[in-house]
Amino acid sequence: MFHLKGKVAVVTGAARGIGRSISLALSQAGATIALIDLSADSLQGVHDEITAQGGQASMHACDITDPDMVAATFKDITEQHNALHILVNNAGITRDNLLMRLSQEDWEAPIRTNLTGAFNCTRAAVRPMMKQRYGRIINIASVVGMMGNAGQANYAASKAGLIGLTKSTAKEFGSRAITANALAPGFITTDMTAELPESTVQKLTENIPLGRMGKPEDVAPAVVFLASEDAGYITGQILPIDGGMVM
Ligand SMILES: NC(=O)c1ccc[n+]([C@@H]2O[C@H](COP(=O)([O-])OP(=O)(O)OC[C@H]3O[C@@H](n4cnc5c(N)ncnc54)[C@H](O)[C@@H]3O)[C@@H](O)[C@H]2O)c1
């Protein structure tokens, strides 16, 4: 297991699903976790799980689409913990519909959260990372950002954009010892995918060599590795975690 003792990690969308699992895994590796989600109430559960396991965490209600709120929250986090080493841009939403039926608002909403939100957090995090000469940015993209998906033009565009943001961040901050990588999960069982009809899940599973949907716990260990000092020579990469769906 990779060690993150003494490291401070911010995880957005930490209240549930993949973000919750990543927060627990980073904490088990020794990091202190600043948990971000839309409401503090929603973070209480994961906060209590971390502290019950002997870990340390703080809770921050923040809408990542609001640049002023993001700047203030990251200032609070850095002051409270005296550092910021790891940023996991995990918060994300879907607004699925066929392209011809997508309203302007439904087109823009996933781009605002999944792409602009990640930009807002990255911009706020790189300053303390540069001072420390240590930074690990891990963006949670999606296989859909690599291969597209009918009914998800908005979401796919936001995740493809996030891949572009990841590679540009890697190039811009490489000389400062800050790495930026993305994970591209396939179909992971969370609230986000809970509404998929059984027939769709069955059809999806047929195209997955490992023959099953993923779990949040399938994603979290790769975040721990990419956040560690051992991954210091890996940057600008996109790692699918999808049971072999995209290869
Ligand atoms: N579940 C999947 O199959 C799958 C596959 C590929 C990628 N992903 C990506 O993984 C990430 C996590 O997905 P999940 O399935 O755990 O989703 P989820 O819906 O279970 O959790 C997302 C979390 O993000 C929070 N959030 C949403 N908007 C926010 C905002 N503006 N500010 C702060 N927090 C906000 C939500 O409150 C929620 O707690 C997302 O970026 C998603 O696109 C998921």
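**Exercise 1: the ligand's surroundings**

Work out how many nonpolar, polar and charged residues make up the shell around the ligand.

*Solution.* Sort the shell by class, and you get 14 nonpolar, ten polar and five charged residues. Keep in mind that you're looking at a predicted model. Next, pick out the residues that come nearest: of the 29 around the ligand, these are R16, D37, N90, Y155 and T190.

**Exercise 2: polar neighbours**

Find what lies across from nitrogen atoms of the ligand at C62, D63 and I64.

*Solution.* Take the residues one by one, using a cut-off of 3.5 Å between N or O atoms for a polar contact.

- Start with C62: a backbone N or O atom sits 3.5 Å from a ligand nitrogen.
- Move on to D63, where a side-chain N or O atom is 2.9 Å from a nitrogen atom of the ligand.
- Finish with I64, whose backbone has a polar atom 3.1 Å from a ligand nitrogen.

Now for the cover: on its own the ligand has 840 Å² of accessible area, and the protein covers 93% of that.

**Exercise 3: the pocket**

Say which pocket holds the ligand, and which elements give two or more residues to its shell.

*Solution.* First, the place: the ligand is in the largest pocket. Then the elements: α1 (17-28) and α6 (153-173) each give two or more residues to the shell.

**Exercise 4: an aromatic pair**

Track down the structure's one aromatic pair and describe it.

*Solution.* Look at F2 and F225: their ring centres are 5.0 Å apart and their planes meet at 50 degrees, so this pair counts as tilted. Then place both residues. F2 is in the segment before β1 (8-12), while F225 belongs to helix α8 (residues 216-227), so the pair ties together parts 223 residues apart in sequence.

Note on methods: Residues are numbered from 1 along each chain as its sequence is written. This is a predicted model: local features need pLDDT of at least 70, side-chain atom pairs count only at pLDDT 80 or more; totals for chains, interfaces and linings use all residues. Side-chain values use heavy atoms; hydrogens and water are left out. A residue is near a molecule or strand if one of its heavy atoms lies within 4 Å of it. A polar contact is a pair of N or O atoms within 3.5 Å; within protein, one must be able to donate a hydrogen and the other to accept it, and residues adjacent in sequence count only if both atoms are side-chain atoms. Accessible areas come from the Shrake-Rupley method with a 1.4 Å probe; for residues, only the protein chains shown count as cover. On a 1 Å grid over the protein atoms alone, a cavity is a set of points where a 1.4 Å probe fits but cannot get out, and a pocket is an open set with protein on both sides within 12 Å along at least five of seven lines; lining residues have an atom within 4 Å of a point. A molecule sits in a cavity or pocket if more than half of its atoms lie within 2 Å of its grid points. Helices (H or I, at least four residues) and strands (E, at least two) are DSSP runs, numbered from the N terminus. Ala, Val, Leu, Ile, Met, Phe, Trp, Tyr, Cys and Pro count as nonpolar, Asp, Glu, Lys and Arg as charged, and the others, Gly among them, as polar. Rings of Phe, Tyr and Trp (its six-membered ring) pair if their centres lie within 6.5 Å; planes under 30 degrees apart count as stacked, over 60 as edge-to-face and the rest as tilted.
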